[in-house]
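Please open the model in your viewer and keep the sequence panel beside it. The tour below moves from one selection to the next and says what is found at each stop.

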Amino acid sequence: MYDPDKYALATVVERRDVASDLWVMRIAPECPLPFRPGQYATLCLILDGRTVERPYSIASAPDEDTVELFIERVPNGELSAPLCKLPVGAEVAVRRRCKGLFLKEFPLQLEPHLFVATVTGVAPFVSAIRGQQRLAAKDVLPEGFAVTLIQGASTSAELGYVAELTRLANELPWLTYIPTISRPWEEPGWEGETGRVEDVLRKYADAAGVRPGHGGVFLCGNPQMVRNARAIMRRSGLAGKTVREEQYWPE
Ligand SMILES: Cc1cc2nc3c(=O)[nH]c(=O)nc-3n(C[C@H](O)[C@H](O)[C@H](O)COP(=O)(O)OP(=O)(O)OC[C@H]3O[C@@H](n4cnc5c(N)ncnc54)[C@H](O)[C@@H]3O)c2cc1C
């Protein structure tokens, strides 16, 4: 039995399988779950009589009716493996409070943003971009607002939001989306960037106009990428609060 003071029940209302170990899931909590882009929901299942919970960044915009998550099934992962088996209609518990300070400073005033993600680490950025898109429609974006999003994966099948983000980047003058794949030899037809995020980071930071004292870098996902990208940014003179991080698991 879930502690009703801590958890609300949520129903899986939609599921999109992205690759064999990756899926996008929408849940409808039984009560409102307020959050800001960049925050995470804590999902919970009772497994063998134990309450097991893990945080997942939210990909939906705050004003959407349901909460979207982009999840990777970790081999033998205690929670992600059973979560991956949940069909539409199943129930999962979710902590009543969403948390996280990752995008607390977003949007920066009059400064470029460089968002950097590996695979599911794109989720908070999708939330932020969807949120800003809604504000842009109402003409209330901060002046000079600009976002460059770099997302790395092994293959394009793992990018998850490539169709939506490519379309949005074509429609929204303030958004640049750079998907990059590290195993291009498996996809001879791929016309985008190749290599890991770290290989192209410097080039796009320069193109975005991010430099010491101007702009912010936000790193999310794989801890190795976060560490390498942080070091690359530091060598460019970007450090301290200019570079914010959300690491999905300990290295
Ligand atoms: C703030 C925050 C937000 C997060 N948001 C997301 C999200 O949006 N989507 C998402 O899929 N995950 C996200 N995670 C990771 C998630 O919380 C779990 O750690 C992950 O689902 C594995 O949990 P598990 O119980 O299945 O594996 P466990 O049994 O806890 O872990 C198994 C092992 O796998 C490692 N591991 C964890 N995740 C990965 C991974 N993706 N790839 C390789 N190894 C891994 C762990 O270090 C551990 O050693 C987030 C983590 C944090 C801290």
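## First stop: a pair of bridge partners

Select Ile181 together with Thr194, which is the bridge partner of Ile181 in strand S10. Keep in mind throughout that what you are looking at is a predicted model. Extending the selection to residues 175–181 shows strand S9, which pairs with S10 in the parallel sense over 2 bridges.

## The open sheet

Now widen the view to the sheet to which these strands belong, an open sheet of 6 strands in which the pairing is parallel and the order runs S10-S9-S8-S7-S11-S12. At its edges, colour S10 at residues 193–194 and S12 at residues 243–247, each of which pairs on one side only.

## Two domains and their contact

Next, colour the chain by domain, with residues 7–95 as domain 1 and residues 112–247 as domain 2. If you place a marker at the C-alpha centre of each domain, the two markers lie 24 Å apart. Where the domains touch, 17 residues of domain 1 and 14 residues of domain 2 take part in the contact. On the domain 1 side, select strand S1 (7–19), strand S2 (22–29) and S5, the elements that give two or more residues to the side touching domain 2. Among these elements S5 gives the most, with 4 residues. Coloured by class, this side of domain 1 shows 12 nonpolar, 3 polar and 2 charged residues.

## A hairpin in domain 1

Move on to residues 40–47, which form strand S3, and add S4, with which S3 pairs in the antiparallel sense over 8 bridges. Within this pairing, Leu45 stands opposite Val52 of S4. The hairpin of S3 and S4 has 2 residues between the strands, and there Asp48 takes a positive phi near 50°.

Stay with S4 and select Tyr56, which lies in this strand. Is Tyr56 buried or exposed? Tyr56 counts as buried because 24 other C-beta atoms lie within 10 Å, where the cut-off for a buried residue is 20 or more. Leaving aside residues up to four places away in sequence, Tyr56 touches Tyr40, Ala41, Leu43, Leu69 and Ile71. A distance drawn between the C-alpha atoms of Tyr56 and Gln39, which are 17 residues apart along the chain, reads 8.5 Å.

## The largest nonpolar core

Which residues have the most contacts inside the largest nonpolar core? They are Ala41, Ile58, Leu69, Val94, Val116 and Val217, in a core that has 66 residues. Domain 1 and domain 2 each supply at least three residues to this core. To follow one of these residues outward, select Ile58, whose contacts beyond four places in sequence include Phe35, Tyr40, Ala41, Val67, Leu69, Cys98 and Ala123. Gln39, Glu68 and Ser127 are also among the residues that Ile58 touches.

## Last stop: around the ligand

Finally, centre the view on the ligand and show the 22 residues around it, of which Gly77, Glu78, Leu79, Ser80 and Trp249 come nearest. Strand S4 (50–57), strand S5 (67–72) and helix H1 (80–84) are the elements that give two or more residues to this shell. By class, the shell around the ligand holds 13 nonpolar, 5 polar and 4 charged residues. With the domain colours still switched on, you can check that domain 1 and domain 2 each provide at least three residues of this shell.

Note on methods
Residues numbered from 1 in each chain as written. Predicted model: local features only at pLDDT ≥ 70, side-chain atom pairs only at ≥ 80, totals over all residues. Near = placed C-beta within 6 Å. Nonpolar A, V, L, I, M, F, W, Y, C, P; charged D, E, K, R; others polar. Domains from an automatic or database assignment. Core = buried A, V, L, I, M, F, W, Y, C linked by C-beta atoms within 7 Å. Buried ≥ 20, exposed ≤ 12 C-beta atoms within 10 Å, placed from the backbone. Contact = placed C-beta atoms within 7 Å. Pairing = 2+ DSSP bridges.
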